[in-house]
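Colleague: I want to learn how to read a model like this one. Where do we start?

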Amino acid sequence: MSADATTNGAILQARGMRRAFGGLVAVDVESFSVMRGSITALIGPNGAGKTTLFNVLTGFERADHGEWTFDDRDVSGWPAYRIARAGMVRTFQIPKALARMSVLENMKLAAQTQRGEGFFPALLRRLWCDEEARIEARGVELLEWVGLAKQRDDYAGTLSGGQRKLLELGRALMTNPRLVMLDEPTAGVNPALTEQLLDRIRSVRDEGATVLFVEHDMDVVGSISDRVICMAQGSVIAEGTAAEVVADPQVIDAYLGERHGEAAMPTSEGPT
Amino acid sequence: MTASEAPTVPVLEARGVVASYLPGVDILRGCNLIVAEGELVGVIGPNGAGKSTLVKALFGLVPVRDGSVWLRGEEITGQKGHDMVRSRIGYVPQTKNVFGTLTVVDNLRMGAYLEPERFDAGIEAVGELFPVLLERRHERADRLSGGQRQMLAVARALMAEPAVLLLDEPSAGLSPALQDEVFAWVQTLNASGTAVVMVEQNARRCLQVCHRGYVLDQGTNAYTATGHELLHDPKVIELYLGALAKAE
């Protein structure tokens, strides 16, 4: 599939999003949307508000105001667990694996609405036994898919940084989400694993889900995104294909700093 | 001195510095940097290029695994921070760079800790560069604005009369107007004779004021030239925005 995802409409649409910390306006986004079935990259220099926007959209942080819909459902202000159940799942920049559980247990924990969680159903072993087996099978299958099958019984704490990122991706997929939001999926991942991770992200899209990811490595962004949204100082400043966005003078200014005051501060040729 | 030619009398020099926080993950993979007497040197590069790590390595805050650091022709690799200050190297970290619970004047006193007799002369010089700090000298440092706190951090480093001052992103987190001020006082203090190595996220502004710039990428030197040359070099944009941004 290509950048032509626009024909499918938006799976996530946000309007008037704002979040301030004291006097610092971290997010002030007029409108933001992610096209269904696309891989959309969210880029921007440090402090642009990308992670805060992620946090707000997924209910990990409250918005000062703003409305957003997921799959045409108003999910504004929903708590994180409800948003996740609705099919919009995120990962974290710093992987949040439970170190003292095995890799497979980490996967199983991510499955939702497990009957055994309730008191009475828990008493009826027959009710949840099948389900447990199904969840385990799904976990094993996904571990194989992300390339962690060999590590299934290792403590998650023993995984490398890159492997933890893969585990995060696997866990996020346990619930068959329709939108997967990845916060810097390749940060700290070695080049060989990065390739594998990108490949997996592509196939998540090819199987029908939508991917929104925050990324700093512009070559990664260029290689897998259908659309790119660039934020700076809390706002969206550019949107389009990767090539369009990186050629946008506003984006270049955001990354390299504006040139104002150039005349006032001449560069001298050397120390006097 | 001409264009990108390296200065002849380096006051501080990094030669092939390899440094890491954790074994096996080298942040700097053979970095070189030279700053001459009175020179203003900028260090820029995309996220994770190793800019901050380079100044930390120069100041001995990150172990240098390979390569060396030289001060006026004498090797100082691995020297401790207080000895660095004694050797007239000043360092201003990016964050947590003032003692919040101490007054402004006590912060400055800490800057002259190794040589208390410098205090009077030092505070006079600081007052000239940052008059606002003297006005607020009896206030606690955590009551200062972000811009003033940055001034105080630099002022404290200046109290030890450094020959070279290492600044880690002095403009970070400040409004554009305050950033202008930062670049202006960096130029002023440099003009009075202090050599400066300035790490900056705001690449263009930094290149506008510095004599020479170093562009780092993934722990190595990508480009070195005068600030002016780098400012107009499309390769620098490409480094920040990837191969797609390649200038036609």
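The talk below goes through chain B, its contact with chain A, and the core.

Modeller: Keep in mind that this is a predicted model.

Colleague: What does chain B consist of, in helices and strands?

Modeller: Chain B has ten strands and ten helices. Its C-alpha trace spans about 55 × 40 × 35 Å along the principal axes.

Colleague: How do I read the radius of gyration of chain B?

Modeller: Set it against a compact globule. With 248 residues, such a globule would have a radius of gyration near 18 Å, and chain B agrees because it has 18 Å. Buried residues account for 49% of the 248 in chain B. Now take the contacts in chain B between residues at least 6 apart in sequence: 66% of these join residues at least 24 apart.

Colleague: And an interface?

Modeller: The size of an interface is often given as the accessible area lost when the parts come together. Here, go by residues: the contact takes 23 from chain A and 24 from chain B.

Colleague: Which element gives the largest share of the side of chain B that touches chain A?

Modeller: That is α8(B), with five residues. The residues on this side of chain B are eleven nonpolar, nine polar and four charged.

Colleague: Which residues have the most contacts inside the largest nonpolar core?

Modeller: They are A:C230, B:V35, B:L54, B:A155 and B:L166, in a core of 149 residues. Domain 1 (3-97 + 175-256) and domain 2 (100-158) of chain A each give this core at least three residues.

Colleague: What is B:V35 in contact with, leaving aside neighbours within four places in sequence?

Modeller: B:P10, B:V11, B:L12, B:V41, B:V164, B:A195 and B:V197.

Key
Residues numbered from 1 in each chain as written. Chains lettered and ligands numbered in written order. Predicted model: local features only at pLDDT ≥ 70, side-chain atom pairs only at ≥ 80, totals over all residues. Core = buried A, V, L, I, M, F, W, Y, C linked by C-beta atoms within 7 Å. Buried ≥ 20, exposed ≤ 12 C-beta atoms within 10 Å, placed from the backbone. Domains from an automatic or database assignment. Contact = placed C-beta atoms within 7 Å. Helix = DSSP H or I, 4+ residues; strand = E, 2+ residues; numbered from the N terminus. Nonpolar A, V, L, I, M, F, W, Y, C, P; charged D, E, K, R; others polar. Rg over C-alpha atoms; globule rule 2.2 N^0.38 Å.
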